[in-house]
Structures are given as structure tokens and as C-alpha cells.
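Let's take a walk through a protein together, one part at a time. Have the sequence and the 3D view ready, and follow along as we go.

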Amino acid sequence: MKNVLFVCSQNRLRSPTAEQVFSTRRDIEVASAGTNHDADTPLTHELVAWADIIFVMEKVHRTKLHKKFKTSLKKARVICLDIPDNYEFMDLDLIDLLKARVSRYLG
């Protein structure tokens, strides 16, 4: 079973939507976090070390991840989904976009 982590800025809209959408799959464990210090669930070294695959929503998240959590990024593959912060939580367009982009990597 793979551990999949979804990351955005605040962990309020995009990454929690992704976590909820993919939480029903039996072949992966999912979690989500945010790169900002005031995120609902802030990104931690433990979460980064736990993950096999980390999906970031924007390039800025990948940059922050590599700068702040470099020592914990030993095994995780980091993939940028290029999804801007233009969606509400569980927005149907966001769900479609997530399914299309994430499915390339998870099948």
C-alpha cells in the first residue's frame, strides 16, 4: 500500500478535497497538509517521511517542500499538479481536474 500526501498552502480547499476524493481507494493511504505555518494541518517532517508520493498543487509548494523538508524527502516522489488556488472545497471542476491529473500516477 502506498502513502499519498496532498499539499497546498492552507490545507483548506485543494488538498483536503484531494484527500477526500481519494480516501475511498483501498490501494492507498491518503493525507493532506499545507505549507503555510497557519495551515489547518501544517506540513511536518513526519508527514513528508511517511509519504511515498507527494502531490503538490503548485510549483511554489514544491519549492517550499524541498527547502524546508529536504532531510525528510528521502523516498517520496514529488509531483506538481499545477492546480491554481481558484476552487472551493469539493468544487466539481476541482474534483474532475484532480481525478484526471492524479490518475496518471496512481492508475
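A good place to begin is a small group of charged side chains: R14, E58 and D85 are linked in a network of salt bridges. A salt bridge here is a side-chain nitrogen of Lys or Arg within 4 Å of a carboxyl oxygen of Asp or Glu. Before we go further, please keep in mind that this is a predicted model, in which local features need pLDDT of at least 70, side-chain atom pairs count only at pLDDT 80 or more, and totals for chains, interfaces and linings use all residues. Residues are numbered from 1 along each chain as its sequence is written, and side-chain values use heavy atoms, with hydrogens and water left out.

Within that network, E58 and R14 meet through their side chains in a salt bridge of 2.7 Å, N to O. This pair links distant parts of the chain, since E58 sits in the loop between β3 and α3 while R14 belongs to helix α1, 44 residues apart. The two partners can also be described by their cover, where buried means under 20% relative accessible area, exposed means over 50%, and partly exposed lies in between (1.4 Å probe, protein chains only). R14 has a relative accessible area of 1%, so R14 is buried. E58, with 25%, is partly exposed.

How many salt bridges does a search of the whole structure find? The count is six. Another of them joins R12 and D40, whose closest N and O atoms are 2.7 Å apart. Because R12 lies in the loop between β1 and α1 and D40 in the loop between β2 and α2 (45–50), this pair ties together parts that are 28 residues apart in sequence. R12 counts as partly exposed because its relative accessibility is 38%. D27 and R25 form a salt bridge too, with 2.6 Å between the closest N and O atoms. Both partners are partly exposed: D27 has a relative accessibility of 39%, and R25 has 22%.

Now let's step back to the overall plan. The protein has four helices and four strands. Helices (H or I, at least four residues) and strands (E, at least two) are DSSP runs, numbered from the N terminus. Reading from the N terminus on, the elements follow the order β-α-β-α-β-α-β-α.

Next, find strand β3, residues 53–56. Are its faces covered or open? Both are covered: I53 and F55 on one side, and I54 and V56 on the other, are all buried. Strand β3 also has partners, and two strands pair if DSSP finds at least two bridges between them. With strand β1 (residues 2–8), β3 pairs in the parallel sense over four bridges; here V4 stands opposite I53. Strand β4 (residues 77–80) runs parallel to β3 as well, and four bridges join the two. In this pairing, V56 of β3 stands opposite C80 of β4. To get from β3 to β4, the chain crosses through helix α3 (residues 59–68), and this β-α-β crossover is right-handed. Right-handed means that, with the strands pointing away from the viewer, the path from the first strand over the helix to the second runs clockwise.

Helix α1 (residues 14–22), the home of R14, deserves a visit of its own. Seven of its nine residues are buried, so α1 is mostly covered. Those buried residues are R14, S15, P16, T17, A18, V21 and F22. The cover over them includes β1, β2 (28–34), α3 and α4 (92–106). E19 is also found in this helix, but at 27% relative accessibility E19 counts as partly exposed. Leaving out residues up to four places away in sequence, E19 touches F6, V30, A31 and S32, where contact means heavy atoms within 4.5 Å.

Finally, consider the protein as a whole. Its C-alpha atoms fill a box of roughly 35 × 30 × 20 Å, taken along the principal axes. A compact globule of 107 residues would have a radius of gyration near 13 Å, and the 12 Å of the protein agrees with this. That radius is taken over C-alpha atoms, and the globule rule is 2.2 Å times the number of residues to the power 0.38. Buried residues make up 47% of the 107 residues. Among contacts between residues at least 6 apart in sequence, 67% join residues at least 24 apart.
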